[in-house]
Structure formats: structure tokens, C-alpha cells
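Biologist: Please pick one part of this model and walk me through it slowly, strand partners and aromatic rings included. I'm new to this, so keep it plain.

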Amino acid sequence: MQKMLIISLFLLTALQACSKMDDHFAVPQQATVQTANTTIHQFTGYAQGNTVHLTFSYNGNLSQVAAFRIYSGVDSHQLCAIGELSISDTTVTNFEFVDAHPKGDPTYYLIGIVDLQEHITYANLILPVSLHGQHN
């Protein structure tokens, strides 16, 4: 229980530190942190040129998901929303997002799952991606 509380506080702190200049979306006021039985799987990223390509799979009920919100930052304690993947096809389970403007080396990424009522659940993984580890 204490481990889940620490993870929750860490992720909430990371999201509250976002600069509004970098954020195209409001930082959620009542976040839910997903600490077990995550529906996000195979969350990976790689650098290619000056971009970062993120991929992940989702094995939950997509009919209840409005979008996946992507957060990034140069510090895992300061993450800003950089884009959204809207759900239009509930049969797709693999997703890709390209960050055309990584913030640093490494850049840290987090996925927020936005439901139909606009509540956000965060995957329990903050992924660091090095710009020096180029992908061919």
C-alpha cells in the first residue's frame, strides 16, 4: 500500500509542475494513477533524427476511452501534455505517437488515458528516451 501511495504522489507531482506555455491541455485537477493491472503494454520509444517515436498497446475497453494524452519533459518530475491520440476506431489496439520536438536528452514520457467523462488515468510507467540511441 505504501509503494502505491509513493508512486501516486510521484506522478501527481510530475504533472502539477507543468508550464502552461508548453501545455496544450489543462493539467487535470483530479487525477487517477493506475498502479496495478495496467492496460498499457509494450510502451517503448526510440529516437530517429530529431524526433522520438513512441509505441504502445492497449488491452482495455476502448469503447470507454476518448483519447490517449501524451506527456513529456526533460525531468521526470515536470511533465507537460504535448499531444493526444483521439480514439475513432475501437478495434485498433496498437498506437504510435511522434514527438517532433523532444525536450532534451533523455526526454521522459507518460501516457494518460482519457475516458468519456474526461477523467484521466495515468499508466504507471514514465519512459525515458535517449536521443543518442538512434533507431535505424
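Modeller: One definition first: two strands count as paired if DSSP finds at least two bridges between them. Keep in mind, too, that this is a predicted model.

Let's look at strand E4, which covers residues 65-75. On one side of the pairing story is strand E5 (residues 78-86), joined to E4 by 7 bridges, with the two running antiparallel. E4 and E5 make a hairpin, with 2 residues between them. You can spot one of the bridges at Asp75, whose partner in E5 is Gln78.

E4 also pairs with strand E7 (residues 107-115), again in the antiparallel sense, over 8 bridges. Here, find Arg69: its bridge partner in E7 is Gly112.

How enclosed is E4? Well, 8 of its 11 residues are buried, so the rest of the structure largely encloses this strand.

Now for the rings. Phe43 and Phe56 sit with ring centres 6.4 Å apart and planes at 90°, so they pair edge-to-face. Phe43 belongs to strand E2 (residues 40-48) and Phe56 to strand E3 (residues 51-58), so this pair ties together parts 13 residues apart in sequence. Both Phe43 and Phe56 are buried.

Back to E4: its Phe68 pairs edge-to-face with Tyr58, at 5.2 Å centre to centre and 65° between the planes. Tyr58 lies in E3, 10 residues away from Phe68, and the pair links distant parts of the chain. Tyr58 and Phe68 are both buried.

Put the rings together and you get a cluster: ring pairs link Phe43, Phe56, Tyr58, Phe68 and Phe95. The structure has 6 aromatic pairs.

Technical notes. Residues are numbered from 1 along each chain as its sequence is written. This is a predicted model: local features need pLDDT of at least 70, side-chain atom pairs count only at pLDDT 80 or more; totals for chains, interfaces and linings use all residues. Side-chain values use heavy atoms; hydrogens and water are left out. Rings of Phe, Tyr and Trp (its six-membered ring) pair if their centres lie within 6.5 Å; planes under 30 degrees apart count as stacked, over 60 as edge-to-face and the rest as tilted. Helices (H or I, at least four residues) and strands (E, at least two) are DSSP runs, numbered from the N terminus. Buried means under 20% relative accessible area, exposed over 50%, partly exposed in between (1.4 Å probe, protein chains only).
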